[in-house]
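Q: Please take a close look at one part of this structure, the open sheet, and then at what surrounds it. I am new to the structure, so define the terms as they come up.

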Amino acid sequence: MADPMKVRATLKGDVADVRVLMGHPMETGQRKDSAGKVIPLHFIQEVTVKLNGKTVIEGQISQAISRNPVFSFRVKGAKAGDKVEISWLDNKGDRNSTEAAIA
């Protein structure tokens, strides 16, 4: 099971500042374990952000992102109490999602 994500979503005017910590190993396929064997690729490929069920951000990322990545973004037109849902899919088919209310 994937590590839980931590989300902070605050409102300034009608713009929500959202910051999310995604627990994931993000292996590049270039590191070796203690036995000298290459650790296989394992990274988040797709990230989706929805505001009240409507997709506002879709992105693709690669293995060039650090372990447990932190993403921050702004969503215009938000109101206090709106629901932000963040989800990801990795190259092994694992998925994770979480939601938070904008404060």
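A: What follows starts with the open sheet and then moves to the core, the loops and one buried polar residue. This is a predicted model, in which local features need pLDDT of at least 70 and side-chain atom pairs count only at pLDDT 80 or more, while totals for chains, interfaces and linings use all residues. Residues are numbered from 1 along each chain as its sequence is written, and side-chain values use heavy atoms, with hydrogens and water left out.

The open sheet has 3 strands in the order β1-β2-β5, with antiparallel pairing. Strands here are DSSP runs of E with at least two residues, numbered from the N terminus, and two strands pair if DSSP finds at least two bridges between them. The edge strands are β1 and β5, each of which pairs on one side only. On average, neighbouring strands of this sheet are turned by 15° against each other, direction ignored; such angles are taken between axes, which are lines fitted to C-alpha atoms, and run from 0 to 180 degrees between N-to-C directions.

Strand β1 covers residues 6–12 and strand β2 covers residues 15–21; the two run antiparallel and are joined by 7 bridges. K12 has V15 in β2 as its bridge partner. The two strands form a hairpin with 2 residues between them, and G13 in the turn has a positive phi of about 70°. On the β5 side, β2 is again joined by 7 bridges in an antiparallel arrangement, and A16 stands opposite V75 in β5.

Next comes the nonpolar core, meaning a set of buried Ala, Val, Leu, Ile, Met, Phe, Trp, Tyr and Cys residues joined through side-chain atoms within 4.5 Å. Buried means under 20% relative accessible area, exposed over 50%, and partly exposed in between, with a 1.4 Å probe and protein chains only. The largest nonpolar core has 19 residues, and V18, M22, F73, V84, I86 and I102 have the most contacts inside it. The elements β2, β3, β5 and β6 (83–90) each give two or more residues to this core, and β3 gives the most, with 4 residues. Beyond its neighbours within four places in sequence, V18 is in contact (heavy atoms within 4.5 Å) with V7, R8, A9, F71, S72, F73, V84 and I86.

Outside the open sheet, β3 and β4 are joined by 6 bridges and run antiparallel, with T48 having E58 in β4 as its bridge partner. These strands also form a hairpin with 2 residues between them. N52 lies in the loop between β3 (44–51) and β4 (54–60). Its phi is near 50°, a positive value in a residue other than glycine. Most residues other than glycine have a negative phi. N52 is partly exposed, with a relative accessible area of 45%. Phi of N68 is also positive, near 50°; N68 is found in the loop between β4 and β5 (70–76), and its relative accessibility of 32% makes it partly exposed.

A last residue is N96, in strand β7 (residues 95–101). N96 counts as buried, at 14% relative accessibility. A polar atom of the N96 side chain lies 2.7 Å from the backbone oxygen of D3. Not counting residues up to four places away in sequence, N96 touches A2, D3, P4, M5, I86, S87 and W88.

Conventions
A polar contact is a pair of N or O atoms within 3.5 Å; within protein, one must be able to donate a hydrogen and the other to accept it, and residues adjacent in sequence count only if both atoms are side-chain atoms.
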